[in-house]
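Biologist: I'd like to go through this one feature by feature. Could you give me the general idea each time and then show me the case here?

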Amino acid sequence: MQHPHRGVIAGVAGVLLLSALAAAQSNAPQNTAPKSPWKYYPADRAVGDGGPAPKRDLTGTWAGESYGANTPRNRGPENPAPFTALGKQLFDKNRAEGAGVTVANSNDPHVRYCDPYGFPQNMTNEIRGLTVSTLPNRTFIMLMYMDLWREIWTDGRTLPTVVGGRARDALDPKYNGYSVGRWEDDSTFVAETTGLVPETWAHESGLPHSIMARVTERFHRSSKHDMSVELTMNDPQLYSRPFSLGQVNFRWIPNQLFDDFTCIPSEVQRYLKEMADPAGGGSGAAR
Amino acid sequence: MKTKVLIIVVLFAGLAAINVPVFAHHGAASFELGAPVVLKNAVITEFAWINPHPLIKADFKDEKGNVQHWTMELGSIPSAQLIGWNRGSLAAGDVVTLYVWQAKTKEPVGRFNKVEFSDGTVLRDTQRGADDGGRADTGVRQ
């Protein structure tokens, strides 16, 4: 008589075999040469949580997801986003890469032209590494991708209430906006940002934002080796309520180094012409 | 019947647990992801270590003696570096076997899978480098 669960057992065995084969696909080189103090070694990972987080201190260099540091997976934005009618209208104009949209057919200004992601997209997209540095009156977030930095003022000033407009002394919107921060408790640093260049996307999926969108970041260092950042956007013009842009996670990098990664317009034009546009059946997307 | 349902559920759960190939950087919508095209004795004409993706350019002579000029993209530079690539991993004049997922347009362009060198060593793509088209950087990625 056939065992009633023989098929299930065979299925499980098959899946385990496939999983083992997939896990064995790594071809990380086995290099026994002396290590350079100038090179990032993804196999040199922080072990465990390293003990309690130091109080009110995010300083250091951190590896994000996809950077070989065993960093927990990030969480994406709330989907669908709670658009207003105007928000939906703007979102529908943005053709992000994804199901059915190739590089050739996308109108993502970064993919086609290396235009800046701007904040908050630069905290979730290609977020492979960052360094936090602290001065008495500011905290700097220095991002590996595009070699750029943000500054978060911690001297007690308040955010501008008006950005843009025609007044002589009007503040112009900025790619990283205007940011202030404070410690909520010994392990949680909260940053608030507004005054964003409106042409940028809030997220790689094409979520729009207005100049006066207000983004809250909660940097939480849960241990010496673990940090996460939860992002929430409040933009009443385009969204009916505040909503999550997701959470990005980081692990401490033992030798405090990461590599170079920059979008270079001349290289992107070559990539599009010789590779992405022929592959995608297009000659380049309209902007 | 229950057993069949159980098998299907278990298989789907297991397959979901495997590191399903995804493109974190640029999408896969342009490529035929069936069997890769194999270009034996291809001659590298250029290895362009550029962003957003390095390009491998190679000449391949088909069975009729016609030379095809291929271009294929690799994962992003920082991803490739994680599994041992650098600017000098390929050079013009190298004679190699290339595996590539060709574009749906049938142009001689595609997503690189792996390269076999004459001494038998292999370098793979990060995201499509496994023989089943899955990720090849699992060991350093997670």
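Modeller: Happy to. Let's begin with a loop: Lys106(B) sits between strand 4 and strand 5 of chain B. Keep in mind that this is a predicted model.

Biologist: What is the sign of phi at Lys106(B)?

Modeller: The general idea is that most residues other than glycine have a negative phi, and most peptide bonds are trans. Lys106(B) goes the other way, with a positive phi of about 70° although it is not a glycine.

Biologist: Is Lys106(B) buried or exposed?

Modeller: Count the neighbours. Lys106(B) counts as exposed because it has 9 C-beta neighbours inside 10 Å, and the cut-off for exposed is 12 or fewer.

Biologist: Which residue of chain A, in the loop between strand 3 and strand 4, should I look at next?

Modeller: Go to Met146(A), which lies in that loop, between residues 138–143 and 148–153. Its phi is near 75°, again a positive value in a residue other than glycine. Met146(A) has 16 other C-beta atoms within 10 Å, so it is partly exposed.

Biologist: And the peptide bonds? Which residues does a cis bond with omega of about 5° join?

Modeller: Asn79(A) and Pro80(A). You'll find Pro80(A) in the loop between strand 1 (60–63) and helix 2 (85–93) of chain A. Another cis bond joins Phe119(A) to Pro120(A), with omega about 10°. Pro120(A) is in the loop between helix 3 and strand 2 (129–134) of chain A.

Biologist: Let me step back to the whole of chain A. How many helices and strands are there?

Modeller: Chain A has 4 helices and 9 strands, and along the sequence they follow α-β-α-α-β-β-β-β-β-β-β-β-α. Of its 287 residues, 37% are buried. Among contacts in chain A with a separation of 6 or more, 64% are between residues 24 or more positions apart.

Biologist: Now helix 4 of chain A. Where does it bend?

Modeller: At Leu272(A), by about 50°. You can also see something in the span: helix 4 (residues 265–280) has 16 residues, yet its end C-alpha atoms are only 19 Å apart, short of the 22 Å a straight helix would reach.

Biologist: Which residues of helix 4 of chain A are buried?

Modeller: The general idea first: an α-helix has 3.6 residues a turn, so residues three or four places apart point the same way. In helix 4 of chain A, the buried residues include Val268(A), Tyr271(A), Leu272(A), Met275(A) and Ala276(A). Asp277(A), Pro278(A), Ala279(A) and Gly280(A) are also among them.

Biologist: What do those buried residues pack against?

Modeller: Partners from both chains: helix 3 (109–113) of chain A, together with strand 2, strand 3 (67–73) and strand 5 (109–116) of chain B.

Biologist: Then which residues touch the most other members of the largest nonpolar core?

Modeller: Of its 80 residues, they are Trp62(A), Ala276(A), Leu39(B), Ile56(B), Ala58(B), Leu98(B) and Val100(B). The largest share of this core, 6 residues, comes from helix 4 of chain A. As for Ile56(B), beyond its neighbours within four places in sequence, it contacts Ile44(B), Phe47(B), Met72(B), Leu74(B), Leu90(B) and Phe112(B).

Biologist: How do I follow the strand pairing in chain B?

Modeller: Trace the bridges from strand 1. Strand 1 (residues 37–48) of chain B runs antiparallel to strand 2, with 5 bridges joining them, and a hairpin of 6 residues makes the connection. Ile44(B) stands opposite Ala58(B) there. Strand 1 also pairs with strand 4 (residues 95–102) of chain B, antiparallel over 5 bridges, where Leu39(B) has Leu98(B) as its bridge partner.

Biologist: What about Thr97(B), which is in strand 4 of chain B?

Modeller: Thr97(B) counts as partly exposed because it has 16 C-beta neighbours inside 10 Å. Beyond its neighbours within four places in sequence, its contacts are Val38(B), Leu39(B), Lys40(B), Ala42(B) and Glu116(B).

Biologist: Last one: where is confidence lowest in chain B?

Modeller: In helix 1 (residues 2–17), at a mean pLDDT of 43, whereas strand 2 (residues 55–61) is highest at 98. Chain B averages 80, but pLDDT stays under 50 over residues 5–24. Where pLDDT is low, the predicted coordinates should not be read in detail. For the complex, the predictor gives an ipTM of 0.75 and a pTM of 0.81.

Methods. Residues numbered from 1 in each chain as written. Chains lettered and ligands numbered in written order. Predicted model: local features only at pLDDT ≥ 70, side-chain atom pairs only at ≥ 80, totals over all residues. pLDDT = per-residue confidence, 0-100. Helix = DSSP H or I, 4+ residues; strand = E, 2+ residues; numbered from the N terminus. Contact = placed C-beta atoms within 7 Å. Pairing = 2+ DSSP bridges. Buried ≥ 20, exposed ≤ 12 C-beta atoms within 10 Å, placed from the backbone. Expected span 1.5 Å × (residues − 1). Bend = angle between axes of the 7 residues up to and from the residue. Core = buried A, V, L, I, M, F, W, Y, C linked by C-beta atoms within 7 Å.
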